[in-house]
Amino acid sequence: MALSPSLNRPEAPRTETARTAEKGGPAAEVPQARPESQPVAEGAAAPRQHGTEEPAGEAARRPRPRGRAPRRPSGRERHDEKITVYVSAEELMDLEHARLVLRGEHGLAVDRGRVVREAIAVVLADLEQRGEASILVRRLRGR
């Protein structure tokens, strides 16, 4: 039995570009829907409900809350290569603690990946410079 088009099924909210594409506009502008379970990136605005979009530029005209300094660029970069490293719960807590210390005591808002990349750079530079006496060689040998 074929489904009848008269069935009342809830429709997902559409953005303005999706409506434009339906009317013959450029299909490349249709954004992909973000599943509700996917978290919003840090610093990103929460998604707006259908029918409550702000006019273009409205957010730019809104004054910043008093008492907050303007945000500085984080220095975050996109990386093309990826590895997976498994760590213990204790190592993960130590890494998160280091991130919070960097933020709270040193004013450096960085993510865990950046901390790991910098630690790798420091250890590899030490290996290159000191060789046998490097911290990496000594730790891997158990001394």
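**Exercise 1. Ser 134 and its surroundings**

Task: In this predicted model, determine where Ser 134 is found, whether Ser 134 is buried or exposed, and which residues Ser 134 is in contact with once its neighbours within four places in sequence are left aside.

Solution. Begin with the location: Ser 134 sits in the loop between helix 4 and helix 5, the latter spanning 135-141. Next, turn to accessibility: the relative accessible area of Ser 134 is 0%, and since buried means under 20%, Ser 134 is therefore classed as buried. Then follow the side chain, which reaches the backbone oxygen of Gly 131 at 2.9 Å. Finally, with neighbours within four places in sequence set aside, the contacts of Ser 134 are Asp 126 and Leu 127.

**Exercise 2. Asp 126 and Leu 124 in helix 4**

Task: Establish which backbone atom the side chain of Asp 126 reaches, and whether Leu 124 is buried or partly exposed.

Solution. Asp 126 lies in helix 4, and its relative accessible area of 13% places Asp 126 among buried residues, because the cut-off for that class is under 20%. The side chain of Asp 126 reaches the backbone nitrogen of Ile 135 at 2.8 Å. Leaving aside neighbours within four places in sequence, Asp 126 is in contact with Gly 131, Ser 134, Ile 135 and Leu 136, and the contact with Ser 134 is the one already met from the side of Ser 134.

Leu 124 is likewise found in helix 4, but its relative accessible area is 47%, and as partly exposed covers the range between 20% and 50%, Leu 124 is partly exposed. Leu 124 and Ile 135 are eleven residues apart along the chain, and their C-alpha atoms are separated by 9.6 Å.

**Exercise 3. The packing of helix 3 and helix 4**

Task: Describe how helix 3 and helix 4 are oriented to each other, and which residues of helix 3 meet which residues of helix 4.

Solution. Take the geometry of helix 3 (residues 89-106) and helix 4 (residues 112-130): they pack at an angle of about 95°, and their axes are 10 Å apart. Angles of 65 to 115 degrees count as roughly perpendicular, so helix 3 and helix 4 are roughly perpendicular to each other. From helix 3, the residues Leu 92, Leu 95, Glu 96, Arg 99 and Leu 102 meet Arg 112, Val 115 and Val 116 of helix 4. Sorted by class, this contact has five nonpolar and three charged residues, and no polar ones.

**Exercise 4. The chain as a whole**

Task: State how many helices and strands the protein chain has, and what percentage of its residues count as buried.

Solution. The protein chain has five helices and zero strands, and its pattern along the sequence reads α-α-α-α-α. Of its 143 residues, 5% count as buried, while the chain exposes about 13500 Å², of which carbon and sulfur atoms supply 55%. Among contacts between residues at least 6 apart in sequence, 21% join residues at least 24 apart.

How values were computed:
Residues are numbered from 1 along each chain as its sequence is written. This is a predicted model: local features need pLDDT of at least 70, side-chain atom pairs count only at pLDDT 80 or more; totals for chains, interfaces and linings use all residues. Side-chain values use heavy atoms; hydrogens and water are left out. Axes are lines fitted to C-alpha atoms, for helices over the stretch in contact, and angles run from 0 to 180 degrees between N-to-C directions. Helices (H or I, at least four residues) and strands (E, at least two) are DSSP runs, numbered from the N terminus. Angles under 35 degrees count as roughly parallel, over 145 as roughly antiparallel, 65 to 115 as roughly perpendicular and the rest as oblique. Contact means heavy atoms within 4.5 Å. Ala, Val, Leu, Ile, Met, Phe, Trp, Tyr, Cys and Pro count as nonpolar, Asp, Glu, Lys and Arg as charged, and the others, Gly among them, as polar. Buried means under 20% relative accessible area, exposed over 50%, partly exposed in between (1.4 Å probe, protein chains only). A polar contact is a pair of N or O atoms within 3.5 Å; within protein, one must be able to donate a hydrogen and the other to accept it, and residues adjacent in sequence count only if both atoms are side-chain atoms. Accessible areas come from the Shrake-Rupley method with a 1.4 Å probe; for residues, only the protein chains shown count as cover.
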